[in-house]
Amino acid sequence: MARKKIALIGAGNIGGTLAHLAAQKELGDIVLFDVVEGVPQGKALDLSQCGPVEGFDAKITGTNDYADIAGADVIIVTAGVARKPGMSRDDLLGINLKVMKAVGEGIRDNAPDAFVICITNPLDAMVWALREFSGLPHNKVVGMAGVLDSARFSTFLAWEFGVSIRDVNTFVLGGHGDTMVPVTQYSTVNGIPVPDLVKMGLSTQEKIDAIVQRTRSGGGEIVGLLKTGSAFYAPAASGIAMAEAYLNDQKRILPCAAYVDGQYGVDGLYVGVPVMIGANGVEQVIEIELDAEAKSNLQVSVDAVKELLEACKGIDSSLA
Ligand SMILES: NC(=O)C1=CN([C@@H]2O[C@H](COP(=O)(O)OP(=O)(O)OC[C@H]3O[C@@H](n4cnc5c(N)ncnc54)[C@H](O)[C@@H]3O)[C@@H](O)[C@H]2O)C=CC1
Ligand SMILES: O=C([O-])CC(=O)C(=O)O
């Protein structure tokens, strides 16, 4: 059986890390695409030379030509610009929307059967625009944010409770911005919900509230520390988890920016919800019962995403 093909659009910090992880896990042969000449080729060569040391079999190539992504099974998009301190993710909308147009058309013309995972910010608007520009089915285009945001929430909770990260499971729903919704009701330590752990005296509501807030501003915290760009290790690990769920038909339930049409009272937009990912892409949007506070916070987040979509339509009339 021929190896799978993974195309990575954007060979920057996340793109390079994605390539390394995909090679280490032998997910398939890898094509790194970027508009900058030399960078994808240089990174591909460097990563190929990890093979003998790390013992993986994967062909890694760099390119500036969309024709080379033909036949890709999975495409992960990180093309565009990352924010710097003082910027919000939404400040990237104008510049990255143009990038999504070029990338969407490149995918449409060269790899229309791929499962596409978008990572570029502002995520919920960019994955929507990428789907519009590519014309692929909604179940084959999904955004990565919830896996990362939940990983941050889980990390902080594991630290707070002093337990293994393996036993912590969390859900962060909504848009990938300041209005995201870490759902404590469905966040557990080996099945025990966080509110119950608070009742048991293992933490306090004030500490959990602070962790929720730290999760919401988790991306900005790292931007403030790095100063020259944003997080890339955990974002790449999160994108790879989603790619593996598709390639191995794992039927994983993951929080992702998926096309929601009807569930959660949302009409036809991309926002973070729990979904099942398997061989058919996004196979199901899972509608969980939310308490009143989470429900109203999700609505605020959905409204923020809607505003961004209006801004996209204002910039590019083909989206209106
Ligand atoms: N969804 C999420 O949870 C997260 C999203 N991000 C976002 O991911 C994106 C990428 O982040 P990094 O890899 O750190 O940035 P980076 O700046 O290191 O890499 C971006 C790459 O995109 C390339 N590029 C620009 N225009 C392009 C085009 N038209 N076609 C192909 N490639 C193009 C650049 O040359 C650069 O190599 C940013 O927008 C960032 O905000 C970052 C972290 C988490
Ligand atoms: O904060 C940023 O700009 C990058 C990002 O989306 C994240 O790390 O969550």
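Start by selecting Asn 96, which sits in helix α4, spanning residues 93–110. You are looking at a predicted model, so keep that in mind as you click along. Asn 96 has a relative accessibility of 0% and counts as buried, because buried here means under 20%. Show its surroundings: setting aside residues up to four places away in sequence, Asn 96 touches Gly 80, Val 81, Thr 120, Asn 121 and Met 126.

**Next stop: Asn 121**

From that list, pick Asn 121. This residue lies in the loop between β5 (115–118) and α5 (123–134). Beyond its neighbours within four places in sequence, Asn 121 is in contact with Asn 96, where we began, and with Arg 89, Leu 92, Met 126 and His 176. Now display ligand 2 as sticks: a polar side-chain atom of Asn 121 is 2.8 Å from one of the oxygen atoms of ligand 2.

**Around ligand 2**

Which residues surround ligand 2? Select Arg 83, Arg 89, Asn 121, Leu 148, Arg 152, His 176, Gly 219, Gly 220, Val 223, Ser 230 and Ala 231 to see them. Two arginines deserve a distance label. For Arg 89, a side-chain N or O atom is 2.8 Å from an oxygen atom of ligand 2. For Arg 152, the separation between a polar side-chain atom and an oxygen atom of ligand 2 is 2.7 Å. Switch on a surface here: on its own ligand 2 has 260 Å² of accessible area, and the protein covers 96% of this.

Stay with Arg 152 for a moment. Its helix is α6, residues 146–161. Is Arg 152 buried or exposed? With a relative accessible area of 9%, Arg 152 is buried, since the cut-off for that label is under 20%. Leaving out neighbours within four places in sequence, its contacts are Arg 89, Thr 215, Gly 218, Gly 219, Ile 222 and Ala 231.

To compare with the record, highlight Arg 83, Arg 89, Asn 121 and Arg 152, which an unreviewed UniProt entry marks as "binding site". The lining of the largest pocket includes Arg 83, Arg 89, Asn 121 and Arg 152.

**Over to ligand 1**

Now centre on ligand 1. It has 27 residues around it, and those that come nearest are Asn 13, Asp 34, Val 81, Ile 119 and Met 144. Turn on backbone atoms for the next three labels:

- Asn 13: a polar backbone atom is 2.8 Å from an oxygen atom of ligand 1.
- Val 81: a backbone N or O atom is 2.8 Å from an oxygen atom of ligand 1.
- Met 144: a backbone N or O atom is 2.8 Å from a nitrogen atom of ligand 1.

Taken alone, ligand 1 exposes 860 Å², of which the protein buries 86%.

The unreviewed UniProt entry also gives "binding site" for a set including Ala 11, Ile 14, Asp 34 and Asn 96. From this set, the lining of the largest pocket takes in Ala 11, Ile 14 and Asp 34, among others.

Click Ala 11 in the loop between β1 (5–9) and α1 (13–24). It is buried at 1% relative accessibility, and its contacts more than four places away in sequence include Leu 32, Phe 33 and Asp 34. Then move to Ile 14 in helix α1, buried at 16%; among the residues it touches are Thr 78, Ile 119 and Ala 231.

**Last stop: Met 200**

Finish at Met 200, in the loop between α7 (194–199) and α8 (205–216). Met 200 is exposed, at 52% relative accessible area. Draw a line to Cys 312: the C-alpha atoms are 47 Å apart, with the two positions 112 residues apart in sequence numbering.

Terms used. Residues numbered from 1 in each chain as written. Chains lettered and ligands numbered in written order. Predicted model: local features only at pLDDT ≥ 70, side-chain atom pairs only at ≥ 80, totals over all residues. Heavy atoms only, no water. UniProt positions renumbered as here; feature names shortened; annotations may be inferred. 1 Å grid on protein atoms, 1.4 Å probe; cavity = no way out; pocket = protein on both sides within 12 Å on 5 of 7 lines; lining within 4 Å. Helix = DSSP H or I, 4+ residues; strand = E, 2+ residues; numbered from the N terminus. Contact = heavy atoms within 4.5 Å. Buried < 20%, exposed > 50% of the residue type's maximum accessible area, 1.4 Å probe, protein only. Near = heavy atom within 4 Å. Polar contact = N/O pair within 3.5 Å; in protein donor to acceptor, adjacent residues only side chain to side chain. Areas by Shrake-Rupley, 256 points an atom, 1.4 Å probe, with all protein chains shown as cover.
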